[in-house]
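I opened my notebook to look up a few side-chain contacts and how they sit in the fold. Here is what I am working from.

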Amino acid sequence: PSVSILVPMRDEERRAQACLQSLLAQDYPHFNVLVLDDGSQDGTPQILAELAKRDGRLKTFQGRPLPEGWLGKHWACQQLAETAEGQLLLFTDADTVHEPWALRQAVSVLEEQGAHLLSGLVRQEARTWGERLIVPAAHWCVFSFFPFALVRRPELRFLALANGQFMLFRREAYFALGGHASVRANPVDDLALARRAKEHGLRLWLADLTGNVSCRMYTSYKEAVAGFS
């Protein structure tokens, strides 16, 4: 199936190049990359324009004004989904880097398992001591208290988990559960979308993506504290 990879960006000049180059290097045969630039004030637009010139699979556009009652990233993702034409929609973040086989393996598992949404935990990079003190602790909490093996059981609708850094939807499933419009004001949109997927009887598959995708969410102790807060 064709895949549209959807990336919302705002002021990502430090990360945009590595993220998009890794996405354009996927060995999957039929995909494109859509980037919404949400009013960047740094060098992000210039980086996007240069990359789009070199590779026709990359399309960029400017976001529309934020409607009342929406959070910014959710509105960006909704616009991306409505613009996309792929049979599958992959939402990912600008601070991720993807191995060349990541998309191919994710689609293979989605198809093999008959899932409507595939997500999972990616490898988190923590380079400074501040990051190392905080980022691993958050994942320790998740692994210690959340029964991962039960997430895949469709009858347990109260057990739902997804990671917004990598969410691969079947197009019809995404719009059937209401898309990001259904969680427009929820700051934890990935968990909310996972719960809605199960409530709508959709099959959720949680995968180990640590060998396929990496992410450096924060670059300092201050950023990490503010982000997790």
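My entries below go from ground rules to one helix, then to charged pairs, rings and a strand.

**Ground rules**

I am reading a predicted model, in which local features need pLDDT of at least 70 and side-chain atom pairs count only at pLDDT 80 or more, while totals for chains, interfaces and linings use all residues. Residues are numbered from 1 along each chain as its sequence is written, and side-chain values use heavy atoms, with hydrogens and water left out.

**Entry 1: helix 2**

I started with helix 2, which spans residues 44-54. For my own reference, helices (H or I, at least four residues) and strands (E, at least two) are DSSP runs, numbered from the N terminus. Which residues of helix 2 are buried? I found Thr44, Ile47, Leu48 and Leu51. I use "buried" for under 20% relative accessible area, "exposed" for over 50% and "partly exposed" for in between (1.4 Å probe, protein chains only).

The buried residues cover an arc of only 95° around the axis, which puts them on the same side of helix 2. That arc is taken from the directions from the helix axis to the C-beta atoms. Turned away from this buried side, I noted the exposed residues Gln46 and Lys53.

What do the buried residues of helix 2 pack against? I listed strand 1 (3-9), helix 1 (16-24), strand 2 (31-37) and strand 3 (58-62). Contact here means heavy atoms within 4.5 Å.

**Entry 2: salt bridges**

I then looked for charged pairs, counting a salt bridge when a side-chain nitrogen of Lys or Arg is within 4 Å of a carboxyl oxygen of Asp or Glu. That rule gave me 11 salt bridges, and I wrote up three of them.

Staying on helix 2, I saw Arg54 meet Glu50 at 3.7 Å, N to O. The two are four residues apart in that helix, about one turn. Arg54 counts as exposed at 53% relative accessibility, and Glu50 as partly exposed at 39%.

My next pair was Asp55 with Arg57, where the closest N and O atoms are 2.8 Å apart. Asp55 counts as buried at 16%, whereas Arg57 is partly exposed at 30%.

For the third pair, I noted Glu131 and Arg216 at 2.7 Å, N to O. Glu131 lies in helix 5 (residues 129-145) and Arg216 in the loop between strand 10 (213-215) and helix 9 (221-228), so this salt bridge ties together parts that are 85 residues apart in sequence. Are these partners buried or exposed? Glu131 is buried at 0%, and Arg216 is buried at 18%.

**Entry 3: aromatic rings**

How many aromatic pairs does a search of the whole structure find? I got six. Rings of Phe, Tyr and Trp (its six-membered ring) pair if their centres lie within 6.5 Å; planes under 30 degrees apart count as stacked, over 60 as edge-to-face and the rest as tilted.

Phe91 and Phe169 have ring centres 6.0 Å apart and planes at 85°, so I logged the pair as edge-to-face. Phe91 is in strand 4 (residues 88-92) and Phe169 in strand 8 (residues 166-170), so the pair ties together parts that are 78 residues apart in sequence. Phe91 is buried at 2%, and Phe169 is buried at 0%.

Phe169 also pairs with Tyr174, with centres 5.3 Å apart and planes at 70°, so this pair is edge-to-face too. Tyr174 is buried at 0%. I marked Phe91, Phe169, Tyr174 and Phe175 as one aromatic cluster.

I also checked for charges over rings, meaning NZ of Lys or CZ of Arg within 6 Å of the ring centre and within 35 degrees of the ring normal. Arg132 lies over the face of Trp129, at 5.1 Å from the ring centre. Arg152 lies over the face of Trp205, at 4.0 Å from the ring centre.

**Entry 4: strand 8**

Phe169 led me back to strand 8. Five of its five residues are buried, so strand 8 is largely enclosed by the rest of the structure. In a regular strand the side chains alternate between the two faces of the sheet. In strand 8, I saw Phe166, Leu168 and Arg170 point one way and Met167 and Phe169 the other way.

What about its neighbours? Strands pair if DSSP finds at least two bridges between them. Strand 4 runs antiparallel to strand 8, joined by five bridges, and Leu90 has Leu168 as its bridge partner. Strand 6 (residues 117-121) also pairs with strand 8 in the antiparallel sense, over three bridges; there, Leu118 stands opposite Leu168.
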